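Colleague: Hi, could you pull up the model for me? I'd like to go through it with you over coffee.

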Amino acid sequence: MRRMREDAEPREPHGFSIRQMTEGDLPAVMALEQAAFKNPWSPELLKRELQHEWSTILLVEEPRQFVPPLLLGLAIFWIVHDEVHVLNVATAPQHRRRGVARAVMEEVLERGRARRCSLATLEVRKSNEPAIQLYRAFGFRPVGIRPNYYADEGEDAVVMVLDF
């Protein structure tokens, strides 16, 4: 499968800058993962995702004057054939409820549409009601449960699907 390179230029919906992660972003991404999750992704796993042709990691940043942008959130997703599969969406705890996850999900879905995908899928913790409501707002619908999907706490995942 040949990967189509997305725009290298950052885009700024909602006043945030959204761009693809590079390996140089790893320390900031690890700090965000550790702040956002009890069981964050490992540096090795993130590096591996950067190497896969079908995988994209988008970073949401807040531009600042005279200093580097502030990392607010991220999304990791795959585009395989005609499907977008969202693996991870994270927002720094102190920046939640600002539209960060909404902005990055809009970008993820737009990239799927641009690649003529017909379907988007994701799993979300059954207890994560804010995320479930966000995904519903985009048109995702629950289609099943994966028992004990989150092995760390034995929590079920809700499988959600969006038809483009």
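Colleague: Thanks! Let me jump right in: is the crossing of H1 and H2 left-handed or right-handed?

Modeller: The crossing of H1 and H2 is right-handed. By that I mean that the near helix is turned clockwise from the far one by less than a right angle; anticlockwise would be left-handed. One caution before we go on: this is a predicted model, where local features need pLDDT of at least 70 and side-chain atom pairs count only at pLDDT 80 or more, while totals for chains, interfaces and linings use all residues. Residues are numbered from 1 along each chain as its sequence is written, and side-chain values use heavy atoms, with hydrogens and water left out.

Colleague: Good to know. At roughly what angle do the axes of H1 and H2 cross?

Modeller: Roughly 125°, and the axes of H1 (residues 26-36) and H2 come within 11 Å. H1 is therefore oblique to H2. The axes are lines fitted to C-alpha atoms, for helices over the stretch in contact, and angles run from 0 to 180 degrees between N-to-C directions. Under 35 degrees counts as roughly parallel, over 145 as roughly antiparallel, 65 to 115 as roughly perpendicular, and the rest as oblique.

Colleague: And which residues make the contact?

Modeller: From H1 you have Leu26, Val29 and Met30, and from H2 Pro43, Leu46 and Lys47. By class, that contact has five nonpolar, no polar and one charged residues. Contact here means heavy atoms within 4.5 Å. For the classes, Ala, Val, Leu, Ile, Met, Phe, Trp, Tyr, Cys and Pro count as nonpolar, Asp, Glu, Lys and Arg as charged, and the others, Gly among them, as polar.

Colleague: Let's stay on Leu46. Buried or exposed?

Modeller: Leu46 counts as buried, because its relative accessibility is 0%. The cut-offs are under 20% relative accessible area for buried, over 50% for exposed, and partly exposed in between, using a 1.4 Å probe and protein chains only. Leu46 sits in helix H2, which covers residues 43-51.

Colleague: What does Leu46 touch?

Modeller: Setting aside residues up to four places away in sequence, Leu46 touches Leu26, Val29, Met30, Trp41, Ile57 and Ile76. As for Pro27, it is 19 residues from Leu46 in sequence and 11 Å away in space, C-alpha to C-alpha.

Colleague: Zooming out, how many helices and strands does the chain have?

Modeller: Four helices and seven strands. Starting at the N terminus, the order is β-α-α-β-β-β-α-β-α-β-β. These are DSSP runs numbered from the N terminus, with at least four residues for a helix (H or I) and at least two for a strand (E).

Colleague: And how does the radius of gyration fit a compact globule?

Modeller: It agrees: the chain has 15 Å, and a compact globule of 164 residues would be near 15 Å. That radius is taken over C-alpha atoms, and the globule rule is 2.2 Å times the number of residues to the power 0.38. The C-alpha trace spans about 45 × 35 × 30 Å along its principal axes. Buried residues make up 43% of the 164.

Colleague: Back to helices. How do H3 and H4 cross?

Modeller: The axes of H3 (residues 100-114) and H4 (residues 129-137) cross at roughly 40° and come within 11 Å. H3 and H4 are therefore oblique to each other, and their crossing is right-handed. Ala101, Arg102 and Met105 in H3 meet Leu134, Tyr135 and Ala137 in H4. Those residues divide into five nonpolar, no polar and one charged.

Colleague: Is Ala137 buried or exposed, then?

Modeller: Ala137 is exposed, with a relative accessible area of 54%.

Colleague: New topic: which phi value does Arg97 have?

Modeller: Arg97 has a positive phi of about 70°, although it is not a glycine. It is in the loop between strand E4 (83-91) and H3, and at 80% relative accessibility it counts as exposed. Arg116 is another non-glycine with a positive phi, about 65°. You'll find Arg116 in the loop between H3 and strand E5 (119-125), and it counts as exposed at 74% relative accessibility.

Colleague: Last one: what is Val143 in contact with?

Modeller: Val159 and Val161, leaving aside neighbours within four places in sequence. Val143 lies in strand E6, residues 141-150, and counts as partly exposed at 47% relative accessibility.
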